[in-house]
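Please read this briefing alongside the sequence and the model. It begins with a single helix and then moves on to the whole chain, a sheet and one further residue.

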Amino acid sequence: MNASIRTRLLLSLLTVAVLSAASLSFYFLDELESYGLRKLEERLASEARITAGFAEEIGLADTEALDRALSRIDPVLNARVIVVDMNGMAVADSSGDMNATYGERVEVQNALEGKYGSYTRTSPNGKLALYVALPVRDGDEVIGAAYTSAQTFSILTLLRDYRIRLLWVIGAFAALTLVVAEALARWLSRPLRDLESGANAFAAGQHSVRVRPVGSRETQAVAIAFNQMADEVSRIMIELREEERRKSRFVSDVSHELRTPLTAIRGAAETLLDGDVEPEEADRFLSTMVRESERLGRLANDLLTLQRIEGATGEIMLRRIVLRSVAEHATAALEPLFEEREIDVQIVGEAPDILGDPDRIQQIVANLTDNASRVMEPGGTLTIELSEDKGYAVLAIVDEGPGLADEDLERLFDRFYRADRSRDRLTGGAGLGLAIVKAIVGAHAGDIRAENRVDTHGARFIMRFPAAPE
């Protein structure tokens, strides 16, 4: 009877530990899967927009040119890219599987109706397959769809494998306990209690808890699996907390940015309402109200711009862009400012054409060159460098300013962040310029980074965009 009680206690502790670990695994792996699917959909949507742009420029009839274009797009995400006509028939496929029809799929139907389409299916191998479809247009008419897909691990597949391993562990413990119940119970009870305690503490929110893999091989395997899961979950929790901090900081920053102009407007209005104000003073207060209201308008417009660019479907109209031409237009528009600041602007090198919105790309160049010229001494040279790097068009803005501090490099593209603390709020903007730049670059499937020059003083902002097909 004594051995039987120990055996039941051992099995009970093992059950508690494993169920706790399984529950945490399901919850956090589900969160991980949702996060991964969101990121995967964003990348697929970006790739579908690029594909649709290529198809609109090349046309659906030239299947050979479409295939060449798809072969250049596919390595960006290691996904499958398909272009279909209005009947849902594939006219180009990065996998080479031609003449397949996709017209019955709801995401393709949405795209052929001119809308954004996405769908998630479970493939026979247990993986999740994510599909994104965007319309291909000829002017205002929809002529087909750009269809992208990729696979990722399914939470159900992971849990199925986990359950099988768990059954083997339970069976091994049961067999060993029946043979050497007394000695095995004493030997296994402590690590299992530690594992149970660690799982319960982790479930209670103590995500730094880890268990020591001791005892039998099976117990060590469970402990190692738990620790691996805990590490993975901790990373996810850190990301979630950081996202919450960013949201909280964003709300706080918006409130802070609104408080100053609203206070100024209210103060001026209350002074005017009190009466007995000289005409000159009244004009000054009214000018303050107009100036601060315009500042509020600019802040609202910047926030709306960010919202439109960062939306799931985006609003980027893709056309072939000659980067040198865009850079010349941007610098020509700012030439009076450069002359006033005594800054010489040079455009050097050549870069491949890209697909995108010329106005948005010009906005990037104007924003970065304006910012750079503000921090340069009179007589300096601001250089716009164009080049190619492994199928990417590279656009770099190089200044001769004081450079950037290490802490600025880490947060430079955050919303409302100002690297120049001494800059007056009335002339320095709301700190959304670089955040908008990063959002525009991301919407064009590109990336941006900032670094200090190593050859001399100054900073360099480097952007990379997928090159358009020849």
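**A mostly covered helix**

Helix α13, which spans residues 433–443, is mostly covered, since 8 of its 11 residues are buried, where buried means under 20% relative accessible area, exposed means over 50% and partly exposed lies in between, with a 1.4 Å probe and protein chains only. Helices (H or I, at least four residues) and strands (E, at least two) are DSSP runs, numbered from the N terminus. This is a predicted model, in which local features need pLDDT of at least 70 and side-chain atom pairs count only at pLDDT 80 or more, while totals for chains, interfaces and linings use all residues. Residues are numbered from 1 along each chain as its sequence is written, and side-chain values use heavy atoms, with hydrogens and water left out.

**Helix α13 in detail**
- The buried residues of α13 are L434, A435, I436, V437, A439, I440, V441 and A443.
- Just after α13, the residue A445 takes a positive phi of about 60°.

**The whole protein**
- The protein holds 13 helices and 12 strands, and 43% of its 470 residues count as buried.
- Among contacts (heavy atoms within 4.5 Å) between residues at least 6 apart in sequence, 65% join residues at least 24 apart.
- About 24,800 Å² of the protein is exposed, and carbon and sulfur atoms supply 52% of this area, as computed by the Shrake-Rupley method with a 1.4 Å probe, where for residues only the protein chains shown count as cover.

**A sheet of five strands**
- An open sheet of 5 strands follows the order β2-β1-β5-β4-β3 with antiparallel pairing, two strands being paired if DSSP finds at least two bridges between them.
- The edge strands are β2 (90–93) and β3 (117–122), each of which pairs on one side only.
- Neighbouring strands of this sheet are turned by 20° against each other on average, with direction ignored; the axes are lines fitted to C-alpha atoms, for helices over the stretch in contact, and angles run from 0 to 180 degrees between N-to-C directions.
- Strand β1 (residues 80–85) pairs with β2 in the antiparallel sense over 3 bridges, and V84 has A90 in β2 as its bridge partner.
- The hairpin of β1 and β2 has 4 residues between the strands, and in this hairpin G88 takes a positive phi near 80°.
- Strands β4 (residues 128–138) and β5 (residues 141–152) run antiparallel and are joined by 11 bridges, with L130 standing opposite A150 in β5.

**A buried asparagine**
- N227 lies in helix α6, which covers residues 217–274, and N227 is buried, with a relative accessible area of 13%.
- Leaving aside residues up to four places away in sequence, N227 touches R210, V211 and P213.
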